[in-house]
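Me: I've got a two-chain model here and I'd like to walk through it piece by piece. Can you take my questions one at a time?

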Amino acid sequence: MLNEPLSGKAPVLSRRQFLLTAPIALLAGVVGWSFSTGDKTVKAFVDTLLPADELGPAASEVGGVEALKAEFDHSMLRRGELQLLMSWLDLNAGGSFASATADRQFEIVTALDALSEETVRWKIHRRARGAVMWHYFSSAERTMALGLPGAPQPDGYPDAHLPWVNS
Amino acid sequence: MEDKLPKQADVLIAGAGAGGAAAAWALARRGATVVLIDAGPGFDPADYKNSVDDWETQWFPIRPGSQGHHEVVAGQPLFEKWSEIRNISAPRQRMSTATQRKSRGYSHIRGIGGTTLHFTGWMHRLRPQAFEMNTRFGVAADWPVKYDELERYYALAEYMVGVAGPDQVAGRPRSAPFPTPAHPASMLSQAIARGAEKVGLSMVQNPVAAPSQAWLGRPPCNYCGCCHKGCERGDKGSADLTFVVPAKATGKCGVFPRHTLVELQRGDNDQITGATILDAAGDRHTITASNYVLAAGAVETPRLLLATDGLGNESGEVGKNFMETVGSGSTGMLPEQIGSHRGYPEDSICWDINAPDAIDGIPGGAVICPTVVSSDYHGPARYATKLAEGIGSDFKRKLAEDFGKAAGITVICENLPNPRSYVDLSPNQIDYTGLPIARIHSFLPDLEIERLAYAVKKSEEILFAAGVPAILDRFTSYEAFYASHVMGTCRMGSNPETSVVNEHQRSHRWKNLWVSDASVFPSSGSGEGPSLTLHALSIRMADKMLEQSKV
């Protein structure tokens, strides 16, 4: 009865954080997206979040890169935030996140994921992660590959009163 | 009736939601010619997308005209002392530090069926005591109609809707059983019931608008949990199906979506003599009727009256006594798998703190229901983005293991009217009609906050007792206005100086002007869904109109 209107809502930067980040982000946005190197980092990031495995395809194979970019394509500031995140990834990988080993990529993004929620990096990462995860898991075909249910209709759940296991 | 808007009818009804639709049926079945208009569009069960691949991204469809525009003023300061009702964000249980209440808007649908199109279908009678809040507790106002008189209308409305419910509902005498048996309790409800029992409370089956057996041409519910996105099977008893379809079947009721009432003309002898209606193409039409019914809800009905030079506002009470949905939603994860995404949303309910005198020192009660739908933990994408942390293949495996373990609980409380909650006109915004839009003022006095805090505490005690180790996510009305039930603003009463309509819902002054929506409620009830009471009041109003007008 009291539906929260937005799903997968991303964290919001505080005013102070916004002011600290804005010049860097704006600069990155004005300079523009470096597609030659940036896309490789984005793809590597997206596939580190959700790699190809026995449970399904990699996120980049099913539109994860596009979903991520769309999330950050609303303003120059947002585009700059994404650029900032990718730059951090590259920096932490010694220059190129895309060239790092899968284990190193996982280690870097796991560390990012574990940051304090007060940090700018975590907030941008959480937005990026949310966009990729939302896109990936909002496909019934993909959730069924995990053993989860597909769309609720047309069959419904006539056994809702009985025990359940995810197959 | 014809497809073209007629120039004349016995009754014009503006608003095809829970009130207008029921009134249209009740009038048409007794031979009155009815024109039922709504500013919003018509919807069809085929419009709802609960069986497509990306179903979780699909919300109730927004169509041209299906959302009204309004302003909300709700910026009261927030205080740390109310930590037990501050919002908490998953996954890290971060407590809100907001310093000012916000608005998340008035959740509603304009269209044939109104907000019942996306409601979860609570079909509640008010308790007899709830009609006497002023006499018993010195708050709000008494209703000029009592439970005993409304009971037969409740029963008739339940029949039309095909309500599924248990044998009895606490404190509400019944003249007939519910039309269909209660739904079997979902696994979530069973888990929450075990928790409730441990803390001395009880969960029982909630009367709801989807039948458990085929009813009047509608199939039984199959427990997909998507009521709020629109019921594509057409089993849920939204007013378009339960009242508009049978109203049209009488041959006496014409239904006109995307037609907006913009003016009522005053005549001599305290009569309304005509109505101006704006269609979707921008053309204006005039219609004359013997009686005019406003059924546009507790925001739009006062707006129209105030914008029409204060029509019907001889008391000065139009727009006052606004009451909203005051509630909460709290969610955690159970250790065991229960498949909580399945089942009728909020299929059980705790009535133990619902009586108006159930909470020591605080008049007005509350209801508590298990839910994952109200908190929106109904699909894997929401779990992945909000509840869970982690990345990689292990994250996928964890999600596959944890999906279905979310357990939530929702609370809705009484909301007593106060002078700082009201509806007036925006001083600087108009909409397509050329009229000022409504401006909602929402304020929660300490008493409202104390009641909410009590109910949230009780609800979370249940969650913990059910096995949830921590509250991961909580949202409450303390932090934001986000009403779906809105009431008051054209209060019904016997005294013309303190109410807008009389005991039959007719304007005290204008002899052929009626109001048939939740704006007439003198009090909100203690968290009950208002739709069934609206249906019952509207059918009763139709009877009174026919008796008085001989249309």
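**Helices of chain A**

Reply: Sure, and let's start with helix 6 of chain A: 15 of its 18 residues are buried, so this helix is largely enclosed by the rest of the structure. Keep in mind that this is a predicted model.

Me: How far apart are the end C-alpha atoms of helix 6 of chain A, and what span should its 18 residues have?
Reply: Helix 6 of chain A runs over residues 120–137. At 1.5 Å a residue, that should give a span of 26 Å. The end C-alpha atoms agree with this, being apart by 26 Å.

Me: What pattern does chain A follow along the sequence?
Reply: Chain A has seven helices and zero strands. Of its 167 residues, 40% count as buried. Read along the sequence, the pattern is α-α-α-α-α-α-α.

Me: Is helix 4 of chain A roughly parallel or roughly perpendicular to helix 6 of chain A?
Reply: Two packed helices are described by the angle and the distance between their axes. Here the axes of helix 4 (residues 76–92) and helix 6 of chain A come within 10 Å and cross at roughly 105°. An angle of 65 to 115 degrees has its own label, so helix 4 of chain A counts as roughly perpendicular to helix 6 of chain A.

Me: Which residues of helix 6 of chain A make the contact with helix 4 of chain A?
Reply: By class, this contact has six nonpolar, one polar and two charged residues. Helix 4 of chain A brings A:Glu81, A:Leu82, A:Leu84, A:Leu85 and A:Trp88. From helix 6 of chain A come A:Arg121, A:Ile124, A:His125 and A:Ala128.

Me: Which residue with a positive phi follows helix 4 of chain A?
Reply: Helix 4 of chain A has 17 residues and reaches 24 Å from first C-alpha to last, close to the 24 Å expected. Its buried residues include A:Arg79, A:Glu81, A:Leu85 and A:Asp90. After the helix, with a phi near 80°, comes A:Gly94.

**Where the chains meet**

Me: Which elements of chain A give two or more residues to the side that touches chain B?
Reply: Across the two chains, 43 residues of chain A are in contact with 57 residues of chain B. The chain A side has 24 nonpolar, 14 polar and five charged residues. The elements that give two or more residues are helix 2 (35–49), helix 5 (102–113), helix 6 and helix 7 (140–145) of chain A.

**Strands and a loop in chain B**

Me: Which strands are the edge strands of the open sheet 3-19-18 in chain B?
Reply: Three strands form this sheet, and the pairing is mixed. Strand 3 and strand 19 (residues 436–441) of chain B run parallel and are joined by four bridges, with B:Glu71 partnered by B:Arg439. The strands that pair on one side only are strand 3 (70–73) and strand 18 (422–430) of chain B.

Me: What angle does helix 6 of chain B make with strand 18 of chain B?
Reply: In the sheet itself, the twist averages 35° from one strand to the next. Helix 6 (residues 297–307) of chain B lies across strand 3, strand 18 and strand 19 of chain B. Relative to strand 18 of chain B, this helix runs at about 65°.

Me: Which residue stands opposite B:Ile277 in strand 13 of chain B?
Reply: Strand 11 (residues 259–266) and strand 12 (residues 272–279) of chain B run antiparallel, joined by seven bridges, and B:Leu261 has B:Ile277 as its bridge partner. Strand 12 also pairs with strand 13 (residues 284–294) of chain B, in the antiparallel sense over four bridges. Opposite B:Ile277 in strand 13 stands B:His285.

Me: Which residues of strand 2 of chain B point the other way from B:Val34 and B:Leu36?
Reply: In a regular strand the side chains alternate between the two faces of the sheet. Strand 2 (residues 34–37) of chain B has B:Val34 and B:Leu36 pointing one way, and these are buried. Pointing the other way, and also buried, are B:Val35 and B:Ile37.

Me: How far apart in space are B:Ser484 and B:Phe119?
Reply: B:Ser484 is in the loop between strand 21 (480–481) and strand 22 (513–515) of chain B. This serine has 24 other C-beta atoms within 10 Å, so B:Ser484 is buried. In sequence, B:Ser484 and B:Phe119 are 365 residues apart, but in space, C-alpha to C-alpha, the distance is 8.7 Å.

Technical notes:
Residues are numbered from 1 along each chain as its sequence is written. Chains are lettered from A and ligands numbered from 1 in the order in which they are written. This is a predicted model: local features need pLDDT of at least 70, side-chain atom pairs count only at pLDDT 80 or more; totals for chains, interfaces and linings use all residues. The expected span of a helix is 1.5 Å times one less than its number of residues. A residue is buried if 20 or more other C-beta atoms lie within 10 Å of its own, exposed if 12 or fewer, and partly exposed in between; C-beta atoms are placed from the backbone. Two residues are in contact if their C-beta atoms, placed from the backbone, lie within 7 Å. Ala, Val, Leu, Ile, Met, Phe, Trp, Tyr, Cys and Pro count as nonpolar, Asp, Glu, Lys and Arg as charged, and the others, Gly among them, as polar. Axes are lines fitted to C-alpha atoms, for helices over the stretch in contact, and angles run from 0 to 180 degrees between N-to-C directions. Angles under 35 degrees count as roughly parallel, over 145 as roughly antiparallel, 65 to 115 as roughly perpendicular and the rest as oblique. Two strands pair if DSSP finds at least two bridges between them.
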